[in-house]
Each structure stands twice: as structure tokens, then as C-alpha cells.
Amino acid sequence: MDTKSDVDSIQKARDGVKAARDAKKLAKQAKKKGLSDTKTTEVHIDSKVSNKTIESTTEHEKTVGKSSIDEVDRAEIGSMQDTLQLLNLLKTKLKSASPNDQDIGNVPVGENLTVNDVVNTLKDIVNVAKDVENVTAIVQSMNVQKSGNEKVESNINTPVQKEKKPQIEEKPDIKGEDDKKGVGEGKSKAELKAERRAKQEAQRAAKLAQTQEKEQKPIIKPKIAPEKAKEVDIKKEKSPKPKTFEKPKKSQTTQKCNWFQHLHTVHDKEALKQVAINSNLHPAVIKLGVQLASRVVIGSNARCIALLDALKKMVRDYTLPAKTEFARGLEAQLAASLAFLWKMRAPSASQVNAIKHFRHQLTQLPNNVDEFDAKKKLQEEIDRYIREQIDMAGEAISIAVRNKISNGDNILTYGCSSLIERILRESHEAGVQYRAVIVGNRVSHSAREMLRRLVSAGVACTYVDISALSYVMKSINKVLLGANALLVNGSVLGAVGTLQVALVARAHNVPVLVACETHKFSDRVQTDAFVDNEIGDADALIDKSDENSPLKDWRSNPNLNLLNLTYDVTPASLVTAVVTELAILPCTSAPVILRFKTSEYGM
């Protein structure tokens with residue numbers, strides 16, 4: 001072989017390397033552009049370099065034929081043939097070299113070429129061939145994965161056919177049995193991965209179907225195998241534990257009685273922590289809301305005074321926004337504050353009337369009023385309302401009742417009322433000699449607080465439980481009761497138990513006097529205690545001193561409900577008279593008082 005022909009063969013080999021590199025770039029571009037769906041490159045390198053061939057087929061080639069092989073494949077085949085010639089040349093040169101030559105790599109092969117140059121060139125060719133093989137394997141694995149995913153979807157939809165062979169094996173091959181073996185050996189790793197994934201997905205789908213069938217079996221079929229029955233029993237024993245623990249909490253108010261779902265309930269400590277608070281509310285309003293919900297502030301007069309005091313602080317610290325009238329801006333702040341307070345506890349009649357009076361005074365302000373003057377006027381109106389409607393009204397009622405008490409009388413009262421306390425204390429200070437009989441119950445401690453206050457004032461007192469009321473009523477001269485509100489139909493809304501006291505007094509022909517300021521008069525009509533009321537804490541009904549009490553574990557008993565009402569309604573027929581700051585009137589005069597208060601105070 002001539003040296004020129006050797007150089008030409010080496011140059012052709014280099015050109016083949018460049019062509020292979022170009023093929024590698026084209027394959028990478030096809031992978032990036034997502035053209036792997038339309039083109040499938042099959043490469044098979046035999047152990048013998050002389051029999052090594054590269055095959056590339058596409059969907060278009062299947063329809064057109066093998067004659068449509070592109071130039072890149074031809075270049076690769078030509079480069080491989082030149083490489084074979086170069087190897088043969090290298091063999092002959094090495095045979096001709098003497099065995100004593102120490103530097104065989106420097107044996108000349110052609111012009112400007114040595115054995116080392118030829119070896120390096122061959123190494124480059126081998127590396128390029130490996131890269132091409134890897135790229136084709138990646139492309140083939142992508143196609144196999146897509147076909148495997150299609151198989152998984154078909155197996156999920158039709159689980160009966162999950163044992164079928166993959167579709168890749170069923171495709172007819174045009175190239176013959178030898179080519180099939182070569183391609184199969186090249187695709188083995190990718191195909192195995194795809195088949196394993198397909199089998200795993202099919203097994204998962206089958207397990208899901210089996211679990212769904214097992215869950216449906218105990219519901220549909222009444223008979224269950226003994227082993228499965230034990231498992232179901234274990235599940236049933238484990239699952240009810242959180243349910244039975246959560247039910248009393250959720251249905252603490254609903255479990256008491258389904259007929260009283262509309263009534264207001266007491267907030268628990270946990271519920272108070274979860275109450276959403278508006279950041280624009282005044283701190284005094286938030287403090288009052290918590291006090292009302294936790295029953296720190298109780299009593300109709302006390303709740304009214306606390307509300308007016310909070311409103312006074314809110315007005316004092318209120319800042320008027322730009323381009324806003326004072327009345328409208330303060331009304332928006334007032335509405336947000338009242339929404340929070342009424343959510344914490346339902347308003348009493350005294351609070352409703354106080355808010356009506358405050359809003360009436362707010363609407364009377366002129367549009368161009370100065371902010372300082374408006375605040376000053378509203379604060380003065382709040383102070384005037386407390387002075388006239390609560391303090392002066394209580395004093396007038398105390399004088400009127402004091403004239404009805406004689407020396408040696410036994411005056412019976414129920415529960416705790418700030419107005420009744422004032423009447424009895426001032427009567428004792430005026431020199432009237434009488435004995436106060438205080439009736440209470442086991443649930444509420446208000447009567448004990450009333451007893452403590454009167455004893456500290458020096459009044460002779462006797463404490464009686466409500467169960468002994470009929471026995472004590474024989475020696476009673478007058479019954480003096482407080483009221484939370486006086487309804488427009490003449491009924492008295494008082495603490496629960498007031499109705500029982502009035503009934504026993506009527507049975508013994510004992511006069512019943514109700515002391516009530518006019519700011520407690522309400523325009524509502526109510527004939528029973530179930531239309532509108534508040535539900536207290538049910539645990540207060542349980543005698544904690546009795547360890548064997550049947551109510552101790554009432555929450556765990558679904559058939560036992562406890563109802564602790566806060567107020568009851570006493571009809572006008574059981575009340576002798578109502579003592580107000582205006583006069584001693586019958587209960588039926590409530591509408592007249594309401595018309596008078598509306599015209600004077602805007603309530």
C-alpha cells in the first residue's frame with residue numbers, strides 16, 4: 001500500500017470522525033426539540049469491527065423504504081470502512097517492524113504520521129462511536145417509556161389484561177432475525193426498566209382495587225370471615241375513642257336539648273381564645289367583651305354602666321378621619337364595637353336602651369360641629385344618663401319602697417339585685433326595724449353574695465334554700481323582687497326562680513313588689529322563657545360534693561341532657577305592682593312608660 005493512499009485513508013477516517021460528531025449533534029438537537037416520537041435510531045455494534053453496521057430507521061422510512069437513508073448515516077458507514085482499512089495498514093506496519101525496537105509508537109506509517117497518531121485517531125473514533133451508541137440508547141429508552149406509559153393506562157382501565165406482553169415486543173420487525181437479536185441486546189436495559197415500571201404500576205392499581213373491595217365488603221355483605229371480623233372489630237374499637245371524646249365538645253350546646261338551639265350560650269375559656277378581634281376596636285371595648293363573656297360583670301345596672309363607660313372612653317380617644325363627618329365616622333366605629341360585644345354576650349334591655357339614647361344624641365349633632373365640642377357633648381350625655389336613669393332613679397325607688405316597709409316586717413327577696421340591696425340598706429340606715437329573708441339555690445351563688453353585703457351593712461338576715469320556700473312564706477309580710485327587664489306585655493324577666501317565688505307568694509296571699517327602673521323597660525313581647533333566653537353552664541347543675549352523683553358523667557351518656565336557663569318570665573297576673581322612679585304602677589302600664597321615654601330620651 002502506498003504512503004499517499006495511507007494518508008488519504010487517514011484523512012478519510014478523520015472525515016468520518018467529523019461526520020460522526022455531526023450525527024451526535026443532530027441526535028442531541030432531535031432530543032431537545034422532542035422529535036424522538038417521529039424518529040427511532042437503531043445502532044448495533046458487533047464484537048467484530050469488520051461486521052459492525054449502523055442502522056437508522058424512521059416512520060417515514062417504513063412507508064418509503066430503505067433507500068431514504070440520510071447522508072449522516074452514509075457518512076458513518078463510510079467512516080467505519082475507512083477505519084477498517086486503517087487498522088489493516090497498522091497491522092502490516094507493526095509486523096514489518098523489528099521486535100527490538102523500543103519505541104514502537106514512533107514507527108512511521110505515512111507522511112507525517114506515526115503509530116501513535118494512528119492509535120490516538122482510532123481512540124477518538126471509538127469514543128465518538130460510544131457517544132453515538134449512548135445517544136441512540138437514550139432515544140430508544142424514551143420511546144420505550146412512552147409505550148410503557150400507554151400500557152400502564154390500558155392496564156388500569158382494563159385490569160384483566162395486565163399480564164399481556166408489552167407492545168414493543170409484538171411489533172413486526174423487517175430486518176431479519178439477526179438484526180432482531182442485535183437490537184434486542186442493545187435495548188435490553190431500557191426495555192427492562194420500562195417493563196418493571198409498567199408491572200409496578202399495574203400492581204399498585206390492583207392493590208388499590210383490592211383495598212376498595214375490602215372496604216366495601218363489610219358494608220354490603222352481612223357475613224364476614226372470622227379473621228376479617230376480628231380486624232373489623234379491632235378497627236371499631238380504636239375508631240370510636242376520638243369520636244366519643246369529640247362529640248360532647250361539639251354538641252355541648254346541641255346535646256343539651258335540640259329545642260333550644262336558638263338560645264344564647266356561655267362561651268368557654270377555649271372559645272374565648274379563638275374569638276376573632278378587630279384591631280380597630282378600642283381596648284376598653286375588648287376588655288368589656290371578655291368580662292361579659294366570662295360573667296365577671298353581671299347584673300342589669302352593672303352591665304349598662306360598664307357599657308356606657310367603655311363608650312365614653314371610645315369617644316374620648318376617637319380620631320376623626322379626613323373628609324368625614326363626625327357622626328358618620330363615630331357610627332361606623334360604634335357599629336363594629338357593638339357587633340363584638342353582642343357576640344360575646346346577648347345585650348340586656350338596659351344596654352339596648354342606653355345604646356338607643358346614645359345614637360339619638362349622636363344624630364342630633366350638627367354636620368359642621370367641631371370634633372372637640374362633639375366629644376365633650378357626648379361624654380356629658382353619657383354622664384347625665386347614668387346619673388338620672390340609674391342613680392337618681394334608684395334613689396326615688398328606694399324612698400318609695402321604704403315607705404311601704406313597717407317595723408317588724410319580714411321582707412323576702414330572691415337572688416342578688418343591686419337595687420334591692422340599696423333599698424334594704426337605706427331602709428335599715430333610716431331606722432326601720434325589719435328582718436330580711438334571702439332565698440337562694442344551689443346552682444347560683446348570687447343569693448350568698450347578697451347575704452354577705454347585707455350582713456356587712458348590719459341588716460338582720462336569714463338565708464333559706466328555695467326548696468323550703470313554702471315553709472317560710474307563712475311568716476313573710478312582703479316579697480320584694482328585682483327584674484332584669486319589664487316587657488311591654490307586663491311580664492317580668494328575672495333570674496330563674498323568680499316565677500316560683502311569685503307563685504308561692506300568690507298561694508299565700510303575700511303582695512309581690514317588683515323594683516325596676518324605667519330604663520329597663522323593653523318593647524319586646526315574651527310569654528315564656530323559651531322564646532329568648534340565655535343558657536348557663538350545665539356543669540353548675542352537678543353537685544360536686546357528691547361523688548355518687550348520677551350527673552357526674554353526663555357528657556358520656558347520650559340519653560342525658562342538662563339545661564341551665566338564666567332567666568324566667570313571670571306573668572303580670574302574679575305581680576302586685578311595679579315600683580319605678582315615676583310612680584308605683586301596675587305592670588300593664590309598661591306601654592305608657594315606653595311612649596314617655598321615647599319622647600323624652602329618644603329610646
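Which residue in S14 does Leu493 stand opposite? The answer is Val569, and the small sheet that holds this pair comes up again below.

## The model as a whole

What you're looking at is a predicted model. The protein has 603 residues, and buried ones make up 38% of them. DSSP runs give 19 helices and 16 strands. If you take the contacts between residues at least 6 apart in sequence, 76% of them join residues at least 24 apart.

How confident is the predictor? The average pLDDT for the protein is 76, with 67% of the residues scoring at least 70. Over residues 157–185, though, the pLDDT is below 50, and in the model this stretch has 21 contacts beyond its near neighbours in sequence. Residues 219–226 also have a pLDDT below 50, with 2 contacts of that kind. Where pLDDT is low, the predicted coordinates shouldn't be read in detail.

## The seven-stranded sheet

One sheet to look for is built from 7 strands. Going across, the order is S8-S7-S6-S9-S12-S15-S16, and this open sheet has mixed pairing. At its edges sit S8 (461–465) and S16 (584–585), each of which pairs on one side only.

Inside that sheet, S6 (residues 409–414) runs parallel to S9 (residues 478–482), with 2 bridges between them. If you want a spot to zoom in on, try Ile411, whose bridge partner in S9 is Lys478.

Two helices are worth finding here too. H15 (residues 418–429) lies across S6, S7 (434–440), S9 and S12 (512–515), and runs at about 160° to S7. H16 (residues 446–456) lies across S7 and S8, and its angle to S7 is also about 160°.

## The three-stranded sheet

Now back to the strands from the opening question. S10, S11 and S14 form an open antiparallel sheet of 3 strands, in that order. S10 and S14 are at the edges with a single partner strand each, so one side of each has no neighbour in the sheet.

Start with S10 (residues 485–486) and S11 (residues 492–495), which run antiparallel and are joined by 2 bridges. Ala485 stands opposite Leu493, while Leu486 has Val492 as its bridge partner. The two strands make a hairpin with 5 residues between them, and Gly490 in the turn has a positive phi of about 90°.

On the other side, S11 pairs with S14 (residues 567–570) in the antiparallel sense over 4 bridges. Gly494 stands opposite Asp568, and Leu493 stands opposite Val569. In general, side chains in a regular strand alternate between the two faces of the sheet. Is S14 covered or bare on its faces? Both faces are covered: Tyr567 and Val569 are buried on one side, and Asp568 and Thr570 are buried on the other. There's a helix here as well: H18 (residues 498–507) lies across S11 and S14, at about 35° to S14.

## A helical stretch with a record

The unreviewed UniProt entry lists residues 368–395 as a "coiled-coil region". In the model, this part of the chain is 89% helix and 0% strand. The C-alpha atoms at its two ends are 39 Å apart.

## Two spots to zoom in on

How many aromatic pairs does a search of the whole structure find? It finds 1. The pair is Tyr318 with Phe326, and it counts as edge-to-face because the ring planes are at 80°, with the ring centres 5.8 Å apart. Both Tyr318 and Phe326 are buried.

The other spot is Asn301, which you'll find in helix H11 (residues 300–316). Is Asn301 buried or exposed? Its relative accessibility is 7%, so Asn301 counts as buried. Setting aside neighbours within four places in sequence, Asn301 is in contact with Ile390, Ser418, Glu517, His519 and Lys520. One of those partners, Ser418, belongs to H15 (residues 418–429), the helix that lies across S6, S7, S9 and S12.

Notes
Residues numbered from 1 in each chain as written. Heavy atoms only, no water. Pairing = 2+ DSSP bridges. pLDDT = per-residue confidence, 0-100. Contact = heavy atoms within 4.5 Å. UniProt positions renumbered as here; feature names shortened; annotations may be inferred. Axes fitted to C-alpha atoms, helices over the stretch in contact; angles between N-to-C directions. Phe/Tyr/Trp six-rings, centres within 6.5 Å; stacked < 30°, edge-to-face > 60°. Buried < 20%, exposed > 50% of the residue type's maximum accessible area, 1.4 Å probe, protein only.
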